[in-house]
Amino acid sequence: MTETGVALRPVYEDDLATLEALTNDPETAGRFEWHGWHDPHFLRRRWSETGMLAADNGMLMIVLDGRRLGFVSWHKTRSGSTSYCWNAGLVLIPEARGHGYGTEAQRLLVRYLFAHTQMNRVEASTEAGNVAEQRSLTKAGFTREGVLRGYGFRDGAWRDHILYSMVRSDLDPDPERL
């Protein structure tokens, strides 16, 4: 837990309805995270099989005083012919957006991944129009690397994304100063 009270924890079965809303309901997912309807049982199957924690990917709930705020997730992605990194993301419930909870959750996720895996890099991208997430990633300690042109398809159009990253050497060894 942090000074803001935000914490990450494993996904419990009773979290699945919240996860399904954040990924399969346009109002809850929000403008930048709504990518159309998809298999409504995918998350339940994944939770049943892995508890949302597998070797190549994972998901943790973001909570504040026991209240679900959203989730962070990550998956392994190739960064070279023999190297890999984590690609991370987050989605917050509408009422949790704009309060700094996402920034803190991203800080916690990076610390978690560097503490428990050997990957050297965590990257995240966001649509060029998602200024709030760009600000959040910067505040969390990520470095803006550049524009990925025509990178993501959403709402009938290909959209540019901004790529951010953090490597182990960027991480302040004192978790209170990150």
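With which side chain does the side chain of R121 make a polar contact at 2.7 Å? I looked this up in a predicted model, and the partner is the side chain of E145.

**Entry 1: R121**

I began with the position of R121 and found it in strand 5, which covers residues 121-127. I then asked whether R121 is buried or exposed. Its relative accessible area is 18% and the cut-off for buried is under 20%, so R121 counts as buried. Besides the polar contact with E145 at 2.7 Å, I noted a polar contact between the side chain of R121 and the side chain of S165, at 3.3 Å. I also listed the contacts of R121 beyond four places in sequence: C85, W86, F114, E145, L163, S165, M166 and V167. Both polar partners, E145 and S165, appear in that list.

**Entry 2: overall fold**

I next recorded the secondary structure. The protein contains 5 helices and 7 strands. Read from the N terminus, the order of elements is β-α-α-α-β-β-β-α-β-α-β-β. The radius of gyration is 16 Å, close to the 16 Å that the globule rule gives for 178 residues, so I entered the protein as being as compact as a globular protein of that length. The C-alpha trace spans about 40 × 40 × 35 Å along its principal axes. Of the 178 residues, 43% are buried. I also examined contacts between residues at least 6 apart in sequence, and 57% of these join residues at least 24 apart.

**Entry 3: helix 1**

Which residues of helix 1 are buried? In this helix, residues 16-24, I found L16, T18, L19, E20, L22 and N24 to be buried. I then looked for what covers them. The covering elements include helix 2 (26-29) and helix 3 (42-50), together with strand 2, strand 3 and strand 4.

**Entry 4: the cavity**

I searched for enclosed space. Rolling a probe the size of a water molecule over the atoms shows where empty space is left. The count came to 1 cavity of 30 Å³ or more. The largest cavity holds about 50 Å³ of space. Its lining consists of V72, A88, G89, L90, Q106, L109, V110, A124, L137 and F142. Strand 4 (84-92) and helix 4 (101-116) are the elements that give two or more residues to this lining. By class, I entered 8 nonpolar and 2 polar residues, with no charged residues in the cavity lining.

**Entry 5: V110**

I followed up V110, one of the residues lining the largest cavity. V110 lies in helix 4. At 1% relative accessibility, V110 counts as buried. Not counting residues up to four places away in sequence, V110 touches V122, F142, M166 and L171. Of these partners, F142 also lines the largest cavity, and M166 is also in contact with R121. I checked one separation as well: V110 and F42 are 68 residues apart in sequence, and their C-alpha atoms are 26 Å apart in space.

**Entry 6: the largest pocket**

What is the volume of the largest pocket? I recorded about 1,300 Å³. The pocket is lined by 50 residues, of which F32, E33, G89, L90 and V91 are the closest to its centre. I noted that G89 and L90 also line the largest cavity. Strand 4 gives the most to the pocket lining, with 6 residues. By class, the lining of the pocket has 15 nonpolar, 24 polar and 11 charged residues.

**Entry 7: backbone angles at two aspartates**

Finally, I looked up residues with a positive phi that are not glycine. D65 has a positive phi of about 50°. This residue sits in the loop between strand 2 (57-64) and strand 3 (67-78). D155 likewise has a positive phi of about 50° and is not a glycine. Its place is the loop between strand 6 (143-154) and strand 7 (157-167).

Are the two aspartates buried or exposed? The relative accessible area of D65 is 70%, so D65 is exposed. For D155 the value is 65%, and D155 is therefore exposed.

Definitions and conventions: Residues numbered from 1 in each chain as written. Predicted model: local features only at pLDDT ≥ 70, side-chain atom pairs only at ≥ 80, totals over all residues. Heavy atoms only, no water. Helix = DSSP H or I, 4+ residues; strand = E, 2+ residues; numbered from the N terminus. Buried < 20%, exposed > 50% of the residue type's maximum accessible area, 1.4 Å probe, protein only. Polar contact = N/O pair within 3.5 Å; in protein donor to acceptor, adjacent residues only side chain to side chain. Contact = heavy atoms within 4.5 Å. 1 Å grid on protein atoms, 1.4 Å probe; cavity = no way out; pocket = protein on both sides within 12 Å on 5 of 7 lines; lining within 4 Å. Points joined across faces, edges and corners; volume = space filled by probe spheres on them. Nonpolar A, V, L, I, M, F, W, Y, C, P; charged D, E, K, R; others polar. Rg over C-alpha atoms; globule rule 2.2 N^0.38 Å.
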